[in-house]
Amino acid sequence: MRTAASSARFARRTARLRASTIREMLKVTQQPDVISFGGGLPAPELFPTTEIAQATKRVMEEYGTAALQYSVTEGIPQMRAWVAHRLAPRFARLIPAEDVLIVNGSQQGLDLLGKIFIDPGDHVVLESPSYLGAIQAFDAYEARYLTVETDENGLIPESLERVLDRADPFPKFLYLVPNFQNPTGRTLVRDRREQVVRICERYDLPIIEDDPYCELRFEGEDLPPLSALETSGTIIYLGTGSKIVAPGMRVAWLVIPNADVREKIVLAKQGSDLHSGTITQYVFHEYVRSNAFEEHVHEIVATYRHRRDVMCEALSEHAPRSVSFNRPQGGMFLWVRAAGADTAELLKVSAQERVVFVPGESFYPARDVHDGMRLNFSNSPDERIRIGIERLCRAIEEA
Ligand SMILES: Cc1ncc(COP(=O)(O)O)c(C=O)c1O
């Protein structure tokens, strides 16, 4: 007799939907004595709960019925205008509010981009390593990956050129995270931004610029997003409220100057969820236009900078000689390499020591590089960072 499970005739693309190491691990970290450097979570104690409660009350009093009604797929006009206004200095130009689309987390933006660009077997160009959530989103559309080498200064333009020269079929787009990348915390340096834009222009390759961490800079000067550089090519920009307000609100945005791409995204989003939650957009907007929001961003940046320092100091003190790590200028992650180690195996030992992280192989589509680990520093207070790093270093020595 057929069981219910065996009678489900899943689409071929579901074969690519793998359980995420991160999600599996987050289950383990529910235990209070386990210190997690695994998730990409903001510090919950900094969430502006009171201000969001007040904003919600004001929204209900002022716009109650509109906030509870269906709304347009593109996003409520106030939110689109706010995003355009906030990004204008970074882009060093006026951004028409029509170029902005509000989405349900930038993760939905990645899914929609996969939906409109990727046919089964199409090539997509990624940094090596790259954001796991993007790989998952593109996997669902049966993408294949071409990977570009990176170093401490981000993606290496010569490697991108070599990849594009040889690519067959020619890829649909380049996806990259230019600031404080997930997983490595690295930032693409200024002259390389220019080079990447020129190369993509020459090859007529659209760029997807995913920039969730740009506001979390601890030191050094802001670099212009690729989207700020003059080009005849297509650049699609993703930003999010997840790291500067709260990920639970799922308010994020795309900036798409190309009207054809924008129209396809709107149609794809309509089929997916009609529109992002009206009430959350209203509440988000009500909060971010207040002074409290600006103070909040300063507070997050100061706290995460301090936590990065604590983690780097603890690593300097306890890490064995085989271990190297970077000191990102912003964001939420640092990248550790343990020469010769398989960090997926190391995770089993470190889980016994009650500390977890994300093994680097998850961020390589071919899962062929094993010595890296992503450590999150935003989500743990100082003392837990110190204890966690001591435990991790003990696990590395044991392993
Ligand atoms: C590079 C990158 N893109 C997208 C996302 C997803 O963000 P959102 O919460 O807006 O869906 C994350 C979250 O960690 C990320 O690191």
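**Exercise 1. Check the length of helix H4 in this predicted model: what should its twelve residues span, and how far apart are its end C-alpha atoms?**

Solution. Start with the range: H4 covers residues 106-117. Next, take 1.5 Å a residue, counted over one less than the number of residues, so the expected span is 16 Å. Then look at the model, where the end C-alpha atoms lie 16 Å apart, which agrees.

**Exercise 2. Stay with H4 and work out which of its residues are buried.**

Solution. Use the cut-off of under 20% relative accessible area. Walking along the helix, you'll pick up Ser 106, then Gln 108, Gly 109 and Leu 110. Further on come Leu 112, Leu 113 and Gly 114, with Phe 117 finishing the set.

**Exercise 3. Count the cavities of 30 Å³ or more, then describe the lining of the largest one.**

Solution. The count comes to four. The largest has a volume of about 100 Å³. Its lining includes Trp 82, Arg 86 and Leu 87, along with Tyr 237, Gly 239 and Thr 240. Helix H3 (77-91) and strand E9 (235-240) are the elements that give two or more residues to this lining. Sort the lining by type and you get seven nonpolar, two polar and three charged residues.

**Exercise 4. Do the same for the second largest cavity: how much space does it hold, and what lines it?**

Solution. First the volume: about 50 Å³. Now the lining, where you'll find, among others, Glu 127, Asp 151, Arg 186 and Thr 187. Split by type, the lining has four nonpolar, five polar and three charged residues.

Note on methods: Residues numbered from 1 in each chain as written. Predicted model: local features only at pLDDT ≥ 70, side-chain atom pairs only at ≥ 80, totals over all residues. Heavy atoms only, no water. Helix = DSSP H or I, 4+ residues; strand = E, 2+ residues; numbered from the N terminus. Buried < 20%, exposed > 50% of the residue type's maximum accessible area, 1.4 Å probe, protein only. 1 Å grid on protein atoms, 1.4 Å probe; cavity = no way out; pocket = protein on both sides within 12 Å on 5 of 7 lines; lining within 4 Å. Points joined across faces, edges and corners; volume = space filled by probe spheres on them. Nonpolar A, V, L, I, M, F, W, Y, C, P; charged D, E, K, R; others polar.
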